[in-house]
Amino acid sequence: MPPVAAPEAGFPWIVLAILLPLAGMVAALPLGRHARALALLLIPAGLVVALLLAAQVWREGEVTYALGGWTPPLGIALRADGFSAVMVVTTAVVLLGVALFAQSSFRAPPGEETRAALLFWALLLGLWGALNAAFLGNDLFNLYVALELLTLAAVPMASLEARAETLAAALRYLFFALAGSVLYLLGAVLLYGAYGTLDITLLAERAGPEPVTWAAAALMTAGLLAKTALFPLHLWLPPAHAGAPAAASAVLSALVVKASFFLVLRLWFDALPGVMTAAAGQLLAALGAGAILFGSVLALHQVRMKLLVAYSTVAQLGYLFLMVPLAGGGGAAQPWDAGAWSGGVLHAVSHAFAKAAMFLAAGLFLRAAGHDRIAELRGMGAALPMVTLAFGLAGLSLLGLPPSGGFIAKWLLLTTAMASGQWWWALVMFAGGLLAAGYVFRALTPLLARTETPVLPGRPVPRHQQWAVLGLALCSVALGVAPLMPFALLQVGRPEAAEEGIG
Amino acid sequence: MRGALLPLLVLATSLVPAVVIFFLSEHAWRTRTAINIAGAVGKLALVAYMLDSVAAGAEYELRFPLVPGLDFLLRVDALALLFVTLSAALWLLTTIYAIAYLGEGPHQSRFFGFFSLCVAATTGIALSGSLITFFIFYELLTLSTWPLVVHRGDGESFAAGRKYLAYTLGGSTSLLLGIVWLEGLVGPIEFTRHGTLAGLDSATLGICFLLLVGGLAVKAAIVPLHAWLPAAMVAPAPVSALLHAVAVVKAGAFGILRVVLDVFGIGLVQAEGLGVPLAAMASLTILYGSLRALAQDDIKRRLAFSTVSQVSYITLGVALAGPVAAVGGLVHLVHQGLMKITLFFCAGALAETLHIHKVGEMDGAGRRMPLTMLAFSIAALGMIGVPPVAGFVSKWYLGVGGLQAGQVWVIFVLAGSSLLNAAYFLPLVYRAWFVPPPGERAGGWTPLLAREGHWGLVLPPVATAAVALAAGLFAAVALSPLGWARLIVARDYGL
């Protein structure tokens with residue numbers, strides 16, 4: 001537990017973390033081709049802000065900020081606990097990797113059309129602002145706005161290539177996301193009607209286990225699950241994520257779906273902690289288990305690499321929901337809660353790095369070979385060794401094998417599953433790990449195949465893109481070697497900051 | 001306890017080369033070779049230093065928390081050093097061999113990168129002080145061997161690679177389940193804290209033992225979990241040496257040693273009656289492997305089944321649970337490594353230089369490659385258990401240990417296996433020395449070395465054969481493998 005000093009009004013990094021990207025988005029629109037330069041300037045700055053915010057949370061404990069000085073229920077509050085700080089930093093790091101990767105693919109040389117370039121960078125900044133708003137908001141309506149902005153940025157991102165099938169996929173995405181928003185809003189309205197506030201901290205005090213709360217929680221959860229693409233609401237995800245340009249897929253798969261997952265946890269653990277029943281937690285985990293098994297099996301059968309990676313996202317999102325019953329969702333506090341909580345969040349973070357790396361790697365294979373049919377990528381490993389290595393390292397985290405963040409996360413979830421007597425979730429995780437091994441190695445196998453003549457990339461792949469991919473993959477590995485710091489940070493603001501874990 | 005730096009340094013001597021080599025250009029042959037050899041020699045020097053001080057009673061430890069309640073722990077004790085010394089010495093020789101063997105072949109940076117990573121993983125396995133640290137390196141080994149198994153990049157290699165992964169990842173799952181289960185009950189398990197499991201009930205202990213040993217048995221190639229090993233023979237010869245002698249099967253056997261000796265403890269294993277079934281499985285494997293070896297016409301496949309059989313001596317020794325048998329098992333970890341790597345080096349050299357792959361093609365090989373075949377013959381005789389080669393010492397201790405533990409049937413297993421060993425090794429030796437080469441009349445001796453292959457293919461097997469011979473001849477010396485195994489057992493049993 002980091003030392004908690006008396007809360008004093010530190011610099012409001014929390015506001016800057018939201019304002020910086022949103023201001024960037026607005027400024028980018030009139031800039032045209034120069035939007036890229038602005039984004040490349042803002043993203044490293046945003047990382048610094050994120051790190052400063054995390055340091056502030058680390059030093060001072062939970063950071064809250066009442067906008068305009070109006071405290072809830074009159075005003076709207078922002079709040080950063082350890083979990084939000086970790087997510088904000090993760091977002092900034094992934095975006096930095098993606099921006100480095102994209103800076104050459106989304107640039108408009110003088111005299112060329114600027115639409116795609118402008119759109120990409122403006123959307124990226126908007127997305128970033130929406131993500132941070134979702135991670136830092138403490139008001140359910142505020143969070144609704146963040147979710148809407150996220151949808152409005154993410155859907156065009158999925159259809160940047162403007163082909164018929166990507167447009168269809170984006171439309172389907174839009175449909176699911178809007179339906180999710182409506183459900184979420186309905187739930188929020190019910191809560192507001194019953195308790196007269198949407199502030200999370202106040203709700204936690206006021207809301208009790210009664211039908212209206214249950215109805216509201218069910219509606220909001222269903223809406224968030226649709227946006228998270230949890231099985232069986234995952235149908236929109238694979239075509240949308242696989243059809244986007246690599247840099248966009250990376251952001252969508254690594255970060256965007258995590259925002260709605262984050263809100264599920266906020267809702268269940270922070271806003272309505274006393275409301276959830278054990279059965280509801282088990283149901284959520286059961287859906288997660290379905291996602292793991294179903295997504296992995298489908299990933300095994302994909303012919304195209306990007307779709308394989310997308311289905312793997314469906315599967316990996318399932319692990320996140322296993323943490324709900326394990327971390328004590330719908331039950332009394334248990335000694336293993338901290339372990340499960342950290343395991344789940346660590347999984348979300350390491351998956352973000354790994355999946356971003358994997359989508360970018362798939363994009364580079366696609367660029368080099370002109371297609372992404374797995375069986376026909378023979379010998380690409382020799383042509384792009386660094387990218388192949390990155391793909392393998394990212395795969396490590398997805399398999400949950402050491403040394404990787406995925407392993408530590410899975411270890412924590414497994415030990416808590418066994419310690420709490422819920423061994424069936426452990427079996428699901430083991431099965432998921434084996435299936436993941438199946439699809440990761442199926443993708444790696446042709447890459448390493450020896451060909452008669454050396455394969456040359458059809459289009460040259462810039463060095464800096466390869467480094468960006470490898471850097472992100474190494475982040476997911478590094479989390480397995482040194483997860484301690486994020487682990488301690490994660491406990492800030494948790495009700496039972498039992499740091500010993502279990503054992 | 002002192003010197004947290006030393007275990008880290010030993011690990012770094014192969015981890016750093018691995019990372020550097022990955023980023024070397026394919027053509028940087030000299031740099032790559034220099035880094036490889038420097039790492040291997042450096043590691044050997046560190047190991048020699050530690051041997052000396054651990055014999056005097058020192059122990060080194062490095063510990064840092066991964067997450068609260070989960071420590072990463074490296075510890076140098078006598079058992080760890082037994083394995084580290086073996087892998088460090090054989091790594092140096094295998095590297096020399098591999099450089100000569102691969103010559104100008106493609107993908108060398110990838111090959112040597114993963115090769116060093118494998119050795120780093122093996123070192124980590126040896127030095128692990130807790131189950132979770134062991135598991136981390138055990139998995140690293142699985143993953144870093146796969147690219148080596150599929151190195152040739154053809155259909156057959158990938159089929160073997162798939163089989164390898166299917167078996168080993170299945171094994172890891174069982175292993176991890178066992179670890180998670182046990183640690184969920186008693187907290188983190190370290191190899192020094194004996195007796196932590198004493199309070200558990202028999203059923204849990206039995207199931208966890210089955211999960212742990214069953215998972216480890218995959219790499220240790222205990223029947224019926226052995227099928228990946230013969231399939232993996234498609235890999236290049238240095239990789240086979242690595243799989244069979246330096247790293248993979250040894251990691252499995254070493255894991256079983258740790259589980260029996262340091263996790264459960266001999267006393268608990270005996271009290272729960274877990275040792276006898278394990279000894280029975282090991283014996284079954286010993287006989288089954290030998291029988292299958294007899295039926296193989298391909299030399300490398302014959303050697304592979306011979307490994308299946310021989311590695312189980314290690315398990316047998318420790319499962320019998322008496323101090324003498326344990327010495328036999330421990331010492332065989334080293335002896336089998338020395339002898340089997342010799343055989344694989346020779347088989348690779350025969351295939352490279354004379355294109356001999358089948359038993360029937362061995363005629364006259366001794367006259368064409370006398371040094372190689374001399375090494376081969378010594379190792380083969382050692383495998384059979386002929387004195388004074390090292391294998392005899394192992395079998396002697398195992399036999400006496402079996403009697404001491406009251407398991408007389410062990411003698412028959414050992415005798416039967418020795419007969420079978422003779423039946424499948426002697427024809428090779430006989431053909432090599434006493435049958436004239438095809439197309440050449442008997443008696444046409446040519447000068448030594450004239451037809452041997454590259455020196456890098458000859459020196460390693462000759463060296464390992466010489467060490468195997470010396471390990472048998474000078475078994476009574478304190479720093480011989482036998483002396484060291486006795487030291488471990490004396491410390492472990494508190495004798």
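**Exercise 1.** What pLDDT does chain A average, and what percentage of the residues score at least 70?

*Solution.* The coordinates belong to a predicted model, and the confidence is therefore taken up before the contacts. Chain A averages a pLDDT of 85, and 92% of the residues score at least 70. The next step is to find stretches of low confidence: over residues 1–8 of chain A the pLDDT stays under 50, and the model has 12 contacts beyond four places in sequence for them. Residues 496–503 of chain A also stay under 50, with 31 such contacts in the model. Where pLDDT is low, the predicted coordinates should not be read in detail.

**Exercise 2.** Determine how many residues the largest nonpolar core has and which helix gives the most to it.

*Solution.* The largest nonpolar core has 415 residues, and those with the most contacts inside it include A:L127, A:A134, A:V469 and B:L82. Helix α13 of chain A, spanning residues 337–369, gives the most to this core, namely 21 residues. Turning to A:A134, and leaving aside residues up to four places away in sequence, one finds that it touches A:L143, A:A146, A:L147, A:L150, A:A259, A:F262 and A:L263.

**Exercise 3.** Describe the side of chain B that touches chain A.

*Solution.* Begin with the count: 29 residues of chain B are in contact with 32 residues of chain A. Next, assign the chain B side to elements, of which β1 (60–67), α5 (131–149) and α6 (155–186) of chain B give two or more residues, while α6(B) gives the most, with nine residues. Finally, sort the residues of this side by type, which yields 18 nonpolar, six polar and five charged.

Conventions:
Residues are numbered from 1 along each chain as its sequence is written. Chains are lettered from A and ligands numbered from 1 in the order in which they are written. This is a predicted model: local features need pLDDT of at least 70, side-chain atom pairs count only at pLDDT 80 or more; totals for chains, interfaces and linings use all residues. A nonpolar core is a set of buried Ala, Val, Leu, Ile, Met, Phe, Trp, Tyr and Cys residues joined through C-beta atoms within 7 Å. A residue is buried if 20 or more other C-beta atoms lie within 10 Å of its own, exposed if 12 or fewer, and partly exposed in between; C-beta atoms are placed from the backbone. Helices (H or I, at least four residues) and strands (E, at least two) are DSSP runs, numbered from the N terminus. Two residues are in contact if their C-beta atoms, placed from the backbone, lie within 7 Å. Ala, Val, Leu, Ile, Met, Phe, Trp, Tyr, Cys and Pro count as nonpolar, Asp, Glu, Lys and Arg as charged, and the others, Gly among them, as polar. pLDDT is the predictor's confidence in each residue, from 0 to 100.
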